[in-house]
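Student: Could you take me closely through one part of this structure, the side of one chain that touches its partner? I would like the chain itself described as well, so that the contact has a setting.

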Amino acid sequence: MVNFKPTEDQELLRETMKSFAREVIRPGAREADEQNAIPSELPAKGWELGLVQNSIPEEHGGFGSGRSAIRASLKIEELAYGDLAMALHLLTPRLFTIPLIVAGTDQQKAAWLPMFAGDSPVVGTAAFTEPAWDFDPQELSTTATPDGGNYVLAGRKCLVPLANQAKAILVYASAPDGLAAFIVEPGAAGLSISEREKNMGVKALDTFGVELAGVRVPASARLGGEGADVQPLIDAGRVANASMAVGVAHAAFDYACEYAKERQAFGVPIGQKQAIAFMLADMATEIDSTRLLAWQAAWCIDQGQPATREACLASRYATKASLEVADDALQVLGGHGYIRDHPVELYLRNARGIATFDAMAIV
Amino acid sequence: MIDFELSKSCKSIRDMTHQAAEHMMRPISRETDENEHDKPWEFINAMWEVSRGTTMVGGTDADDKADAKAAGPKEPSERILRMCVTVEELCWGDVGLYLSIPNSGLGGAAVGAAGTPEQRRRFLARFSEGKPKWGAMAITEPSCGSDSAAIQTTAVRDGDQWVLNGTKIFCTSGLMAAEKSEGFVVVWATLDRSAGRAAIRAFVVDAGTPGMFVTKVEDKLGIRASDTATLVFEDCRVPLDNLLGSAEVKKTGKGFKGAMATFDATRPIVAASGVGVARAALEFVKDTMKERGIEIRYGAPLHKLTALERDVIDLEGEVDAARLLVWRAAWMLDNGIHNNLEASMCKAKAGLVVTHVTQKAVEILGPLGYSRELLAEKWMRDAKITDIYEGTQQINQLIIARRILGYSSEELR
């Protein structure tokens, strides 16, 4: 039966994320962007939210609440509202743990998950995006070639968050039988991590290029074993992307609304002018549209239904809507929107990233 | 718990309605568009037989109670959502024909929202018996549309009657409700022009009441199967208890607010009708592409998608978004949650989406799209009304803006 109300547990979770985003994340967002670094105390504080440990099964040391795309979607939106770079930092280990929970073999789960269920932060990550304008998520140019009982990985990746401190990297590559993912450990021969990348937005997030020059991994490192279908993981990445977009757009919208109610022109707050008010009305409608599309796709994933179409619609819609909303928010502030004293230019730079991000987070 | 699965009863009525849309509406879609003022009586009579007294196309008080009984005390109602789902199907068939289906319509919605239980029984019972009947709502006047507080039509008490004088335009099904059936028209009039919106009330005028005249039936861009009438009231007398709600004029303007609350229920339904038309156009485009072996590659990167695929993916996102906004507004109302903001959002969005999607469909289909041999051009003409009636795009933007900014109608005019 159709229902738009999150469960009480989900509401509680949402509230927790909301206050963390507003009280812990937001106050440090500008400084983090200017310094190209997250606040040093963030990882430890963020770890207490249980973003990573929650979904890990109890038998592997986690809290065992399982994987829920809807729950993740709600969390990601709230965190991204605080600051996208910091949200992505906190969510990064999930790029490794969620695929394992969803698609990993029993041995892979037992070998890797307990490490991420402890009391202090542990980093895992995933390498998906490739540094090419014609990057194709369905046909990666990074290859996985079988060689005896091993696979040999070759190719280049970019936008790999926290690659320099990851205990393991999930590398996506084209295997002869289709798209696949492989668990690669740091220090593997042939694996090299570039200098920290310089991006337009999410500047506080450490991202790296990763080069795989004939990295040899055992067949047992293939996620889910031979023939495992990783398309659902890509769908889950797109839903996360859409939810991040909602958070960023919502942050920009809220700031513009507050500004419009305070800023006076011609004797009234500019919010009382239809030219501004109608812009804000459209922004609100687009934010809700994007959120509902993200929920729809997340729901499909949780139902075990094919979600490629829904995830694609949500992600593509989010790409356009979040950029438009952030751009309109900046316009509401006029010249002030262009100045770094206000956060709106930061939201605009972050929103632009949504189009480029693929599997930078996962639900 | 967040859930996008329709209930079994919703699905089954949707599937039934789809059959009607496909087999009863589509085949006569073109001819009813070409012959604007001829009523498709065969269709009307058939629809009356299958739908009268049900919530398939319009709700009645009796249905509410049956619903509540069937659902049990703990199950939430699904009445508005079910209507949205069925209306989407019917309008996938033909929106003009949907509007011409005999039922209590917007007039019934006003009686349902602002009337007493006695009034609901008195005025709505007729829609489940006898011959086909229509209910209509008359708000718009030659000199006022969205600004309904500026209504000039007057209602003056004379003994045990109200005397109505004024002119109403753009009254959907006005001809059928006022003259061609034993239906009624809900007429909005002011008890005191100097008191503004606080004095606006709704009056039920039964078909055939002396003093009510249909003076014009409009020629329109689209939705031609439905009549849009001008009604003139000249010393038109109705019983005192045909006034919906209370006659007392208070400064709070509660009567007007009550009447405006009708829109919280009708806007999601009108928005759903837009979603139906948009879906019809988009499905036709996709089916046409499929005939040439073109399937949409949803996961593919931008540089590999054709411009056509990109268009279709974007349009599909728009249609899904509009539908989800409609469902949310309907779900809220069904669950007793105030949905004024969300009702306006879904209406504003659906109006834009259906206009855009149908225009793109005509563009994509080229000469096929522009030809009156096919229905795409008709859908484009039919679509535009969704962005106008039941509150224009701009009026809904205004309502949304007031809600999100916390402004009164005085602060944000």
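**Chain A and its contact with chain B**

Tutor: Since this is a predicted model, what follows describes computed geometry, and I begin with the chain as a whole. With 363 residues, chain A would be expected to have a radius of gyration near 21 Å if it were a compact globule, and its value of 20 Å agrees with that. Along its principal axes, the C-alpha trace of chain A spans about 80 × 45 × 35 Å, and buried residues account for 56% of the 363 residues in the chain. The secondary structure of chain A consists of 11 helices and 9 strands. Of the contacts in chain A between residues at least 6 apart in sequence, 77% join residues that are at least 24 apart.

Turning to the part you asked about, the contact between the chains draws 38 residues from chain A and 36 residues from chain B. On the side of chain A that touches chain B, the elements giving two or more residues are helix H8 (231-262), helix H9 (274-302) and helix H10 (308-333) of chain A. H9(A) gives the most to this side, with 14 residues. Sorted by class, the side of chain A that touches chain B holds 22 nonpolar, 9 polar and 7 charged residues.

For the partner, the domain assignment of chain B gives domain 1 (8-102), domain 2 (135-242) and domain 3 (254-405). The centres of domain 2 and domain 3 of chain B, taken over C-alpha atoms, are separated by 30 Å, and 11 residues of domain 2 of chain B are in contact with 11 residues of domain 3 of chain B.

Methods: Residues numbered from 1 in each chain as written. Chains lettered and ligands numbered in written order. Predicted model: local features only at pLDDT ≥ 70, side-chain atom pairs only at ≥ 80, totals over all residues. Contact = placed C-beta atoms within 7 Å. Helix = DSSP H or I, 4+ residues; strand = E, 2+ residues; numbered from the N terminus. Nonpolar A, V, L, I, M, F, W, Y, C, P; charged D, E, K, R; others polar. Rg over C-alpha atoms; globule rule 2.2 N^0.38 Å. Buried ≥ 20, exposed ≤ 12 C-beta atoms within 10 Å, placed from the backbone. Domains from an automatic or database assignment.
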